[in-house]
Amino acid sequence: MQYHTLGRTGLKISRLGLGTMTFGDQWGWGATRETAAQLYDAYVEAGGNLFDTADLYTNGASEEFLGAFIKERGHRDRAVIATKFSFNGDAGNPNAGGNGRKNILRAVEGSLRRLGTEHIDLYILHAWDRMTPVDEVMRTLDDLVCAGKVGHIGLSNVPAWYASRAQALAEWRGTEPVSALQMEYSLAERGIEDEFVPFGTQYGMGIMAWSPLAGGLLSGKYKPSESGGSGVGRLQTTAGSGNPVFEKFTPRNWAIVAELERVAIELGRPMSQVAVNWVANRPGVATVLVGATKPHQLADNLKALDFAIPSELAQRLEEVSRPDRRYPYVFFGPEMQAGLTGGAIVTAKPPGYFPADPPATTPPPAPPQADDSVEV
Ligand SMILES: NC(=O)c1ccc[n+]([C@@H]2O[C@H](COP(=O)([O-])OP(=O)(O)OC[C@H]3O[C@@H](n4cnc5c(N)ncnc54)[C@H](OP(=O)(O)O)[C@@H]3O)[C@@H](O)[C@H]2O)c1
């Protein structure tokens, strides 16, 4: 397993994180406690240290299972725990959800209790609530960091302008910055590339990619060569639920699955590994959250970083999955930008750029001579 530092923090996280949304079967498409424990152990065995959960997941069972597994094995020092708040935990009580200070203070105590820990390494806003001022959110999260209950903070499922406001506030106030952007990212969902990838790369936020297999669509259980395959899993269970996150069976996505299958065959790798590998190697991605309901699925996915996708095959995946070009982003492509640089080739400074020292062969300027005449 390889590790990256997250954003501009010193927190080291593995390139594959374990998504624990499937810990518990309360939603009808997860894993039992026993299976979840096997998934946990296999992931740790492979060197993984990042566990992603949320107070929402499986009605709290995900946090409880994860906390228990960590405690039983004495892993708290090794484990990096990421959890999230925003979704309502008490029907009929509007202050038991959303991103207001009252809910954040309620939610963090619930997560700490279910996880059986005194601190959360990465605390993430789960979804924009469209109403709480961003300064209230950032002030509250910074207070939690100062109180030692939270190590670092992140945002998930927010508009880019909102994330940008949050980061600017933290920069100007000198408070805890946003270190992670947890966003859906896969061959079937590339919507974050216009805004979040350049924003995260430039302003110190690592992307945590969720649903790298588009909820199972890219896992290999659907094989167009076999008349669509006979996959059974979450996407069938949730079909017709009205949740847009689960609506993956579209003509565009089937074209992506078909090309992914051809590429995987040429590479001699399972489709799931190719799909996870593709996400993990995209610019700005700090970690990919892999999820599973069965140990053999996770065993498969944990080998996703053991190879490189050759450029010709990567190009084919790029072409079939490339999002439509949208306004105003058409203005930022090479054709329009040439009009701004007057045709000169100008590229942004690469990361880590420092002005080069003058060449060693340049003679130093001659010191002034005492008898130099000076014209006035
Ligand atoms: N921030 C957010 O809003 C958000 C949203 C979603 C997820 N997440 C995080 O991201 C994590 C991963 O998301 P995800 O579970 O949607 O990831 P995913 O990789 O897109 O889907 C995982 C699902 O695909 C199927 N699968 C995985 N590997 C397979 C394989 N090798 N062969 C066949 N089927 C396979 C399994 O479902 P079946 O067996 O049921 O088919 C598995 O549960 C979550 O656990 C959570 O931590 C965050």
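Here is a quick tour of this protein chain, from its overall build to its core, helices and pockets. Keep in mind that the model is predicted. The chain has 376 residues, and 48% of them count as buried. You'll find 12 helices and 10 strands in it.

**Overall build**

- Measuring along the principal axes, the C-alpha atoms of the chain fill a box of roughly 90 × 55 × 40 Å.
- Take the contacts between residues at least 6 apart in sequence: 74% of these join residues at least 24 apart.

**The core**

- The largest nonpolar core has 96 residues. Y123, L155, L181 and L218 have the most contacts inside this core.
- Helix α9, which covers residues 271-280, gives the most to the core, with seven residues.
- As background, nonpolar side chains in soluble globular proteins tend to be buried together.
- L218 is a good residue to click on. Leaving out residues up to four places away in sequence, L218 touches S186, L187 and A188, along with P212 and L213. L218 also touches I256, V257 and L260, plus M271, S272 and A275.

**Helix α9**

- Of the 10 residues of α9, 10 are buried, so this helix is largely enclosed by the rest of the structure.
- The buried residues of α9 include M271, V274, W278 and A280. Polar names turn up in the list too, among them S272, Q273 and N277.
- What sits over them? The cover on the buried residues of α9 includes the strands β3 (16-19), β9 (206-210) and β10, and the helices α8 (251-267), α10 and α11 (311-321).

**Helix α3**

- Helix α3 runs over residues 101-115, so to speak 15 residues in all, and reaches 21 Å from its first C-alpha to its last. That is close to the 21 Å expected at 1.5 Å a residue.
- Buried residues in α3 include N103, I104, A107, V108 and G110, and also S111, L112, R114 and L115.
- These buried residues pack against the helices α2 (61-73) and α4 (134-146), and against the strands β5 (80-85), β6 (120-125) and β7 (150-156).
- Right after α3 comes G116, with a positive phi near 65 degrees.

**A look at V145**

- V145 is found in helix α4, one of the elements that the buried side of α3 packs against.
- Leaving out residues up to four places away in sequence, V145 touches V150, G151, I153 and E176.
- V145 and A54 are 91 residues apart along the chain, and their C-alpha atoms are separated by 18 Å.

**The largest pocket**

- About 990 Å³ of space lies in the largest pocket.
- Its lining has 46 residues, and M21, W29, S211, G215 and R234 lie nearest the centre.
- At least two lining residues come from each of α7 (234-237), β10 (285-290) and α10 (295-301).
- By class, the lining of the largest pocket has 18 nonpolar, 23 polar and five charged residues.

**The second largest pocket**

- The second largest pocket holds about 590 Å³ of space.
- There are 18 residues in its lining, and E193, D194, E195, Y329 and F332 lie nearest the centre.
- The lining of the second largest pocket divides into seven nonpolar, two polar and nine charged residues.

Key: Residues numbered from 1 in each chain as written. Predicted model: local features only at pLDDT ≥ 70, side-chain atom pairs only at ≥ 80, totals over all residues. Heavy atoms only, no water. Core = buried A, V, L, I, M, F, W, Y, C linked by side-chain atoms within 4.5 Å. Buried < 20%, exposed > 50% of the residue type's maximum accessible area, 1.4 Å probe, protein only. Helix = DSSP H or I, 4+ residues; strand = E, 2+ residues; numbered from the N terminus. Contact = heavy atoms within 4.5 Å. 1 Å grid on protein atoms, 1.4 Å probe; cavity = no way out; pocket = protein on both sides within 12 Å on 5 of 7 lines; lining within 4 Å. Points joined across faces, edges and corners; volume = space filled by probe spheres on them. Expected span 1.5 Å × (residues − 1).
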